[in-house]
Each structure stands twice: as C-alpha cells, then as structure tokens.
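Me: I would like to go through this structure with you. Could we discuss the ligand, the salt bridges and the helices in turn?

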Amino acid sequence: MDFNLTEEHIMIRDAARDFARTELLPGVIERDNKQEFPQELVHKMGELGFMGIMVDPKYGGSGMDAISYVLIMEELSKIDASASVIVSVNNSLVCYGLEAYGTEDQKQKYLTKLATGEFVGAFCLSEPEAGSDATSQQTTAIEKDDHYVINGTKNWITSGGRADVYLVIAQTDRDKGHRGINAFIVEKGTPGFHVGPKEDKLGIRGSDTHTLQFNDVKVPKENRIGEDGFGFKFAMKTLSGGRIGIAAQALGIASGAYELALKYSKERKAFGTEICNHQAIAFKLADMYTDITAARLMVMNAAWDKDQGNNYDMSSAMAKLYASKVAMEHTVEAVQIHGGNGFVKEYHVERLMRDAKITQIYEGTSEIQKIVISRGVIKG
Ligand code: CAA
C-alpha cells in the first residue's frame, strides 16, 4: 500500500491549484453575487482537459484516472464550487455515462464535443415528485415508429440553461416499473423542449440550475442509451461515480475553508497573541485537519476502487456522506474562527459555508447514501 501521490498526480494537482488561484479566484465573489455562469472559464477548463478528465483520448478526453479527477475536483472546489459542479456533472454523469454505455455513433457525435468542453452536458433525473425516490419517474417516453415522444418536467438541473446535451431519464413502460425506464440524449433546441426560470439558490450560485419542460419532444430511437429498460440502472451506475466527484467537491470546500481559517488564525491577534495560540481556536484547527484528512482518504479510496475496477457503490456513498458532513461542520467553524470577518463576503468562508450545504443534498442526499451503505452492509 502506497499513500504517496505519483509525480504525475502532483503535477496534475498543482496545475488545477494554479488554475483555481489565477483564473477562478479573481471573479468568484462577483459571480456568486450575480449568479453568473462562468462561461469563459468553462472553455478554459475544456482547454486544460478538465471537462473530460477520464475520457479516452480517442474521444477527445484527457485519459486520466479517477485519482486525477478527485485531485482536480478538490483544488477547483477550494476556490469555486460552482465551477467544480459543472466539471463534476460533465465528467462523471454525462461523459462517463456515454463512454461506458453509449453506442460508437453516440460517442462520436456527442462525447467528442463534451470531453473537450466544446459542449456542456446536463443530467436530468430529478422531478417535482421524484427526487430521492428516483424510480417514481413521471416523465414519459412513448415509443412511436422510429422515435420516442418525451413529456414531463425535470427539476434542479445543473447547467440546465447552458447545456448543449441533456441525458434525460423517462418512463417508457409503467407496467414494468424501474425496468421500464430509459435514458435518452436530447439536444438543446429540440422542438418542445423548454428551459424554465433559473433557481435563486443558497449556494453554488454561479452554477446554472433550472426546471426543464418536455412537451411532445421527439427523440430518434438511436438516442436511447443502452438496451430497452436500462435507464434506471444507467442512472444508478453513473451516480455511483458522480458521488465520487461530489465527495471530492465537499472535500475541497472543507479544505479551502480550513486553509483560510488557519491563515487567518495566524494573523489575527486577540488578548495579546495570534488567535491560533488560544486553545479554543487551536482545537478547532486540530479537529478540522483530522476530519479533512480522514475525508481525503475516503475520497481517494473510492477513486482507487474505480481505477482498480472494483465495485465503488459503497465506497463512493461513504465518501460523499462523510466528506459532505465534514464540509458542512467545518465551514461553519471556519466562519466562527474568522469572527465578524467570517460574515463578510470578501473573506470567502461564508460562501464556502453556503456552498457546502448542497453536497449533503445533490446526487443523493445523506439519507440516501445511508440507504446505499446499509443495504451493502446487510447484504455483505
Ligand atoms: N448499480 C446498478 N444497479 C443498481 C444500483 C447500482 N448502483 N442501485 C440499484 N440498482 C438496481 C437494483 O439492483 C434494482 O434492479 P433489479 O430489480 O433488477 O435487481 C433496481 O436498480 C432498483 O433498485 P432498488 O430496488 O434498490 O430501488 P429503490 O427504489 O429502493 O431506490 C435508491 C434505490 C438508492 C434509493 C435510488 O432511488 C437512489 O439512488 N435515489 C437517489 C437519486 C439521486 O441520487 N438523485 C440525484 C439526482 S442527480 C443530481 O443531483 C445531478 C446534479 O445535477 C448535480
């Protein structure tokens, strides 16, 4: 067992760190205030290979491993969790889904553009009545001649107004339950497909979240992913990998807040000394560092499972459950260490605290992760 990163991994991590500090940091407060999607930065991340990190170079990807993916996600998330969720959804839900289960034609047509950042992808599973209970899909896809007709509503869709390609989960045959669900590729601009108003969110305000409406949207049969009825398993399998990305995002939010709190505690003086010399603050730093180190090991373990071809349903769920808890708890502590300044936007920690919350909700709430973990534990 070797806990050291390879030289290549260190180079990749440092490149992501450098990009986050020089490119993401300067406008991050303004984008959060204005709820502004980082369009130009997404193109730059595409040029750096961050939009198709694990995709085979023959489809335009970077051909890196999952360890590289989580290293990049952590560094981006330390600074800008809005940018990192765009990266995470594009990589692990959309690109991975197409590369693992798409046809060669689908890969040539869509993956090659998604992996380079020319296209942005969105993943459409959640509905007004089907969030955690994902088998209760109300959106329908009715087979007719050479196409399917999609009707329904999808909620809280990341990159919903900005994406070029949408992977849409819908019920084709209600009698078959989850075995009657399919996944489809829907292109932006398809007649009947409407983007609803943008959500005004607590955190990750620079990401673009919308409700989507499908009114008699005709999708050619060749845009179905996998065998008939594979849609629910497709969603579950891609979400297992997605949870590694969100766990790494939560880790980055926590470690970004910790680094700011540590620096501040060495500069700010109270009662005649830097506040890190007071045990009340020093013990908070000790707890933060310990929990963040544990979260990083869990995130790395899940990524390692994926790289080794092991099943990662449980390790990704555990990493997300734990890292998101650490992110929520310790961003609150980072604000506390900053005192009054922690409540002010220019110190960044209040944004990280707001951004942390979603990591306990999207790609399966913490309660859903406990369902996945407990079922795995009991099954053995
Ligand atoms: N891999 C492969 N198959 C799987 C699987 C997995 N990881 N998990 C479940 N399945 C299969 C099961 O084996 C079963 O198939 P069979 O009947 O053929 O054996 C089928 O799927 C149904 O599984 P369950 O009976 O376990 O289904 P359930 O109704 O009990 O639900 C659940 C399981 C884990 C709770 C699931 O509904 C779930 O993960 N819910 C949360 C959904 C979620 O994460 N939503 C996030 C939205 S996406 C998002 O947030 C993206 C974004 O924009 C940021």
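The exchange below takes up these topics one after another.

Me: What kind of model is this?
Reply: This is a predicted model.

Me: Which residues come nearest to the ligand?
Reply: Of the 25 residues around the ligand, the nearest are Ser132, Thr158, His178, Arg243 and Arg375.

Me: Which atom of Ser132 lies 2.8 Å from a nitrogen atom of the ligand?
Reply: That atom is a backbone N or O atom of Ser132. Two further pairs involve an oxygen atom of the ligand. A polar side-chain atom of Lys233 lies 2.9 Å from a ligand oxygen, and a polar backbone atom of Glu363 is 2.9 Å from a ligand oxygen.

Me: And how much of the ligand does the protein bury?
Reply: Taken alone, the ligand exposes 1,100 Å², and the protein buries 76% of that.

Me: Back to Glu363. Where does it lie?
Reply: Glu363 is in the loop between α10 and α11, the latter being residues 366-379. Glu363 counts as buried because its relative accessible area is 11%, which is under the 20% cut-off. Its phi is positive, about 55°, although Glu363 is not a glycine.

Me: What is the phi of His348?
Reply: The phi of His348 is near 75°, a positive value in a residue other than glycine. His348 is placed in the loop between α9 and α10. With a relative accessibility of 16%, His348 counts as buried.

Me: Both loops border α10. Why is α10 described as largely enclosed?
Reply: Seven of the 10 residues of α10 are buried, so the helix is largely enclosed by the rest of the structure. The buried ones are Val349, Glu350, Arg351, Leu352, Arg354, Asp355 and Ala356.

Me: What do they pack against?
Reply: The buried residues of α10 pack against α2, α4, α5 (81-101), α7 (231-267) and α9 (313-338).

Me: Take Asp355, then. Is it buried or exposed?
Reply: Asp355 is buried, with a relative accessible area of 2%. Asp355 belongs to helix α10, residues 349-358. A polar atom of the Asp355 side chain lies 2.6 Å from the backbone nitrogen of Ile204.

Me: What else is in contact with Asp355?
Reply: Leaving aside neighbours within four places in sequence, Asp355 is in contact with Ala81, Gly203, Ile204 and Ile253. In addition, the C-alpha atoms of Asp355 and Asp80 are separated by 9.0 Å, with these positions 275 residues apart along the chain.

Me: Changing topic: how many salt bridges are there?
Reply: The count comes to 21 salt bridges. One of them joins Asp32 and Arg354, whose closest N and O atoms are 2.7 Å apart. Asp32 lies in helix α2 (residues 28-34) and Arg354 in helix α10, so the pair ties together parts that are 322 residues apart in sequence. Both Asp32 and Arg354 are buried.

Me: Why would such side chains pair at all?
Reply: Side chains of opposite charge can pair when their charged atoms come close.

Me: What about Asp200 and Arg205?
Reply: Their side chains meet in a salt bridge at 2.8 Å, N to O. Asp200 is exposed, with a relative accessible area of 60%, whereas Arg205 is buried at 15%.

Me: And Asp14 with Arg13?
Reply: The side chains of Asp14 and Arg13 form a salt bridge at 3.2 Å, N to O. Asp14 is partly exposed, with a relative accessible area of 33%. Arg13 is partly exposed as well, with a value of 21%.

Me: Which residues are linked in a network of salt bridges?
Reply: The network links Arg17, Glu75, Lys78 and Glu259. Glu75 lies in helix α4, residues 66-79, and is buried, with a relative accessible area of 3%. The side chain of Glu75 makes a polar contact with that of Lys78 at 3.2 Å.

Me: What does Glu75 touch further along the chain?
Reply: Not counting residues up to four places away in sequence, Glu75 touches Arg13, Ala16, Arg17 and Ala20.

Me: Last topic, the surface. Which residues form a nonpolar patch there?
Reply: Met1, Phe3 and Leu297 form a nonpolar patch, with about 450 Å² of accessible area together. Leu297 is found in helix α8, residues 279-308, and is partly exposed, with a relative accessible area of 45%.

Note on methods:
Residues numbered from 1 in each chain as written. Predicted model: local features only at pLDDT ≥ 70, side-chain atom pairs only at ≥ 80, totals over all residues. Heavy atoms only, no water. Patch = residues over 30% accessible without salt bridge, like charges linked within 9 Å, V, L, I, M, F, W, Y side chains within 5 Å. Areas by Shrake-Rupley, 256 points an atom, 1.4 Å probe, with all protein chains shown as cover. Salt bridge = Lys/Arg side-chain N within 4 Å of Asp/Glu carboxyl O. Helix = DSSP H or I, 4+ residues; strand = E, 2+ residues; numbered from the N terminus. Buried < 20%, exposed > 50% of the residue type's maximum accessible area, 1.4 Å probe, protein only. Polar contact = N/O pair within 3.5 Å; in protein donor to acceptor, adjacent residues only side chain to side chain. Contact = heavy atoms within 4.5 Å. Near = heavy atom within 4 Å.
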